[in-house]
Amino acid sequence: MAVTAEVEQELEGYRRELTGYCYRMLGSAFEAEDAVQETMIRAWRGHRGFEGRAALRTWLYRIATNVCLDALKGRQKRARPMDLTGPVPVAEAYGTQLPEVTWIGPVPDAWVLAGDPAELAAQRESVRLAFVAALQRLAPRQRAVLILREVVGWSAAEVAELLETTVASVNSAMQRARSALAAQPGTDTEPAAPLDPGQRELLEKFVSAFESFDLDRLAALLHEDVVLSMPPFEMWLRGLDQYLLWLHGPGGGCRGSRLLPVSANGAPAFAQYRPDPAGGFLPWALQVLDVRDGRITGLNNFLNTDALFPLFGLPPRLDD
């Protein structure tokens, strides 16, 4: 039993970084959790025969990569609403809902981020929603190469060994992946920096304006091209005028909401609770914000709160 506990502890030490890797590969916290669990099961079953032939970390990444590549076979690419269609006016808001497997989903920072301040800055950059969405547009093996090289920090030789290919093939895949990412817009938001005074002040003003439903103060915090998306709805809005029209119309139910801060995707995020006519507040959305140049440029509202609020350890309702 002592050996069993020791092996289990050793494997568990890699869970967070493997979850981050699988999340970047799959675009879903739930699928990443399943992939890491499958990785741990395979590692546990094969550990006796492993016998240190390669570094344990390398071996686990090989298993996780194979699990992810298998999961991605024959599956549509996860995306954001902005990747699927153009913006619509408020008059056409809501409309079509698409299944959960369509969407890039948020992930708690605690699941995927760890390390010293320099490492954390790079990790936040690589779990931003826009970046994870951009990764999904790459072919799966290109995706693995780019993540292993630029996020995990492996050499081309190490990646080639893991993928059982050549260094030249890895370098070629890396070049194609970089070119594909560079051609994609919308990946230039700022990851949240802990204790950053400017962002902290911006977020305090946002919470105050949103909870008081002071649209003039709220407008002063938003970029003129601010984007609102609300998966599972396919539609999305662009422009400050459209967002304010939405709050005056379909979004009027947000009046009186309460916001609780959470940490998601290396970005500012809030759990939004809307007033319950029977009293208290009920879950409405998990908001992940995009910020650039001291203004909010995107409000990514994920409405599947039945799944997401437990994931983030959030209460099922607020009483006051």
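This note comments on aromatic contacts and on one helix packing in the structure above, which is a predicted model.

1. Six aromatic pairs are counted in the model. One of them joins Y243 and W246, whose ring centres lie 6.3 Å apart with the planes at 20°, so that this pair is classed as stacked, the cut-off for stacking being planes under 30 degrees apart.

2. The two residues of that pair both belong to helix α14, which spans residues 240-248, and because Y243 and W246 are three residues apart there, about one helical turn separates them. As for solvent exposure, Y243 is buried, and W246 is buried as well.

3. Elsewhere among the aromatic residues, a single cluster is formed by Y21, Y61 and W154.

4. A contact between a charge and a ring also deserves a look: R274 places its charged end over the ring of W284, at 3.7 Å from the centre of that ring.

5. Turning to the helices, α9 (residues 140-151) packs against α11 (residues 167-182) with the axes 9 Å apart and at an angle of about 95°. The two helices, α9 and α11, are therefore roughly perpendicular to each other, since angles of 65 to 115 degrees fall in that class.

6. On the α9 side, this contact is made by Q142, V145, L146, R149 and E150, while α11 contributes V170, A173, M174, R176, A177, R178 and L181. Sorted by character, the residues in the contact of α9 with α11 comprise seven nonpolar, four charged and one polar.

Conventions
Residues numbered from 1 in each chain as written. Predicted model: local features only at pLDDT ≥ 70, side-chain atom pairs only at ≥ 80, totals over all residues. Heavy atoms only, no water. Phe/Tyr/Trp six-rings, centres within 6.5 Å; stacked < 30°, edge-to-face > 60°. Helix = DSSP H or I, 4+ residues; strand = E, 2+ residues; numbered from the N terminus. Buried < 20%, exposed > 50% of the residue type's maximum accessible area, 1.4 Å probe, protein only. Lys NZ or Arg CZ within 6 Å of the ring centre and 35° of its normal. Axes fitted to C-alpha atoms, helices over the stretch in contact; angles between N-to-C directions. Parallel < 35°, antiparallel > 145°, perpendicular 65-115°, else oblique. Contact = heavy atoms within 4.5 Å. Nonpolar A, V, L, I, M, F, W, Y, C, P; charged D, E, K, R; others polar.
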